[in-house]
Amino acid sequence: MTTPCHESVPPCALAVQRVSKTFCSARGTGVQALESIDLAVGSGEFVVLIGPTGCGKTTLLNIIAGLDHSDRGQVCFEAGMNRENALAYVFQHYTLFPWRRLLANVAFGLQMQGKKRPARNAAARALLGNVGLGHFEHAYPHELSGGMRQRAAIAQALAVEPRILLMDEPFGALDDATRKDLQQLLIDLWQTTKMSVLFVTHNIDEAVVMADRIVVLSDRPGRIVKEITVDLPRPRDQLTKPFTSRLLEVRQAMYSGARSVRDT
Ligand SMILES: Nc1ncnc2c1ncn2[C@@H]1O[C@H](COP(=O)(O)OP(=O)(O)OP(=O)(O)O)[C@@H](O)[C@H]1O
Ligand SMILES: [Mg+2]
């Protein structure tokens, strides 16, 4: 269910309220993926969701995006915003259209919005330039490296000028150097667009590099174990004491999330 968001301090772009989800199998057994999740993303805020594999991170993003439904609870948006006009989603798995050249891939969302070809191509071209793929507009996805595809996926999501961007482990399959490049690219784009971001990762370093706030989920069923504000200046120096103390805080919260489930 989608309703306007009334949480106003700080201004809230997106709020997940008491969301629970159980998947039922054909044999009648259930897998509870999420338990009573309450999560707000402020306007212009960068929130990182971190938790162990299988704890329901993708399920939560799918529920926010309207690709799945919750059993209980609701998702609401800032007044004037809804899934159709505010949201874009970079999926966990590679989602460019293999039969479309890069320009047409990036322009896809604008095409769906009914934008005329010259306008959508101009916008897509500018975005490809912003993500460092200006010379590849005629390439097909299979002609690109993994890092280039992720750049293209980011450009594709940003083409519709989302106010809220959902990203599900977008850099999970990349080598360290490419991951760092794309982290910086995303931070630059986020700072320029002032959009709200909800970003999923397994990687504790990545969480502390990127987040204004880190939300730590427990083992399945995913419950919020802790929220950690990361008020460090950007770009963040990973060798400083405040950075490493935040890493430790996240790691401890993840361990406590694992224990709390074993103990129940
Ligand atoms: N469509 C589905 N049908 C049945 N069970 C599902 C379905 N989707 C997810 N699940 C189960 O729900 C749980 C949460 O899955 P989800 O993909 O949300 O985890 P995740 O935190 O994103 O994991 P990962 O970090 O590995 O991507 C898992 O136990 C998974 O098996
Ligand atoms: Mg996932």
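Select Ser-20 and Ser-36. In this predicted model, a polar atom of the Ser-20 side chain sits 2.9 Å from the backbone nitrogen of Ser-36. Ser-20 belongs to strand 2 (residues 12-24). Is Ser-20 buried or exposed? It is buried, with a relative accessible area of 4%. Now show what surrounds it. Setting aside residues up to four places away in sequence, Ser-20 touches Leu-34, Glu-35, Ser-36, Ser-70, Asp-71 and Arg-72.

Stay in strand 2 and pick Arg-18. Check its backbone angles. Arg-18 has a positive phi of about 50 degrees, although it is not a glycine.

Before going further, color by confidence. The protein chain averages a pLDDT of 91, and 94% of the residues score at least 70. Confidence is lowest in strand 1 (residues 2-4), with a mean of 57. It is highest in strand 4 (residues 46-50), at 98. Where pLDDT is low, the predicted coordinates should not be read in detail.

Next, select the magnesium ion, ligand 2. Which residues coordinate it? Thr-58 does so through OG1 and Gln-92 through OE1, at 2.0 to 2.3 Å. Thr-58 lies in helix 1 (residues 57-65), and Gln-92 in the loop between strand 6 (87-90) and helix 3 (102-106), so the pair ties together parts that are 34 residues apart in sequence. Both side chains can be checked for exposure. Thr-58 is partly exposed, with a relative accessible area of 27%. Gln-92 is partly exposed too, at 32%.

Move to ligand 1. There are 15 residues around it, and Thr-53, Gly-54, Lys-57, Thr-58 and Thr-59 come nearest. Thr-58 is thus listed here as well as at the magnesium ion. Step through three polar contacts to oxygen atoms of ligand 1:

- Gly-54: a backbone N or O atom lies 2.8 Å from a ligand oxygen.
- Thr-59: an N or O atom in the side chain is 2.5 Å from a ligand oxygen.
- Arg-220: a polar side-chain atom lies 2.9 Å from a ligand oxygen.

Keep Arg-220 selected and add Pro-221. The peptide bond from Arg-220 to Pro-221 is cis, with omega near -5 degrees. Pro-221 lies in the loop between strand 9 (213-217) and strand 10 (224-229). Then go to Pro-235, in the loop between strand 10 and helix 9 (241-263). The bond from Arg-234 to Pro-235 is also cis, with omega near -5 degrees.

Now turn to the interior. The largest nonpolar core has 55 residues. Which residues have the most contacts inside it? They are Phe-46, Leu-165, Phe-199, Ile-214 and Val-250. Helix 6 (residues 146-158) gives the most to this core, with seven residues. Select Leu-165 and show its contacts. Beyond its neighbours within four places in sequence, these include Ala-88, Val-90, Leu-158, Leu-186 and Val-197. A separate core of 29 residues includes Ala-33, Cys-55, Ile-64 and Val-75.

Follow helix 6 into the loop before strand 7 (164-168) and stop at Glu-161. Glu-161 has a positive phi of about 50 degrees, though it is not a glycine. Glu-161 is exposed, with a relative accessible area of 65%.

Last stop: Asn-130, in helix 5 (residues 117-130). Asn-130 is partly exposed, at 48% relative accessible area. Leaving out residues up to four places away in sequence, Asn-130 touches Leu-185 and Leu-189. Draw a C-alpha to C-alpha distance from Asn-130 to Leu-189: they are 8.5 Å apart in space and 59 residues apart in sequence.

Notes:
Residues are numbered from 1 along each chain as its sequence is written. Chains are lettered from A and ligands numbered from 1 in the order in which they are written. This is a predicted model: local features need pLDDT of at least 70, side-chain atom pairs count only at pLDDT 80 or more; totals for chains, interfaces and linings use all residues. Side-chain values use heavy atoms; hydrogens and water are left out. pLDDT is the predictor's confidence in each residue, from 0 to 100. Helices (H or I, at least four residues) and strands (E, at least two) are DSSP runs, numbered from the N terminus. Donors are N, O and S atoms within 2.8 Å of the metal (3.2 Å for Na, K and Ca); water is not among the atoms, so sites may look incomplete. Buried means under 20% relative accessible area, exposed over 50%, partly exposed in between (1.4 Å probe, protein chains only). A nonpolar core is a set of buried Ala, Val, Leu, Ile, Met, Phe, Trp, Tyr and Cys residues joined through side-chain atoms within 4.5 Å. Contact means heavy atoms within 4.5 Å. A residue is near a molecule or strand if one of its heavy atoms lies within 4 Å of it. A polar contact is a pair of N or O atoms within 3.5 Å; within protein, one must be able to donate a hydrogen and the other to accept it, and residues adjacent in sequence count only if both atoms are side-chain atoms.
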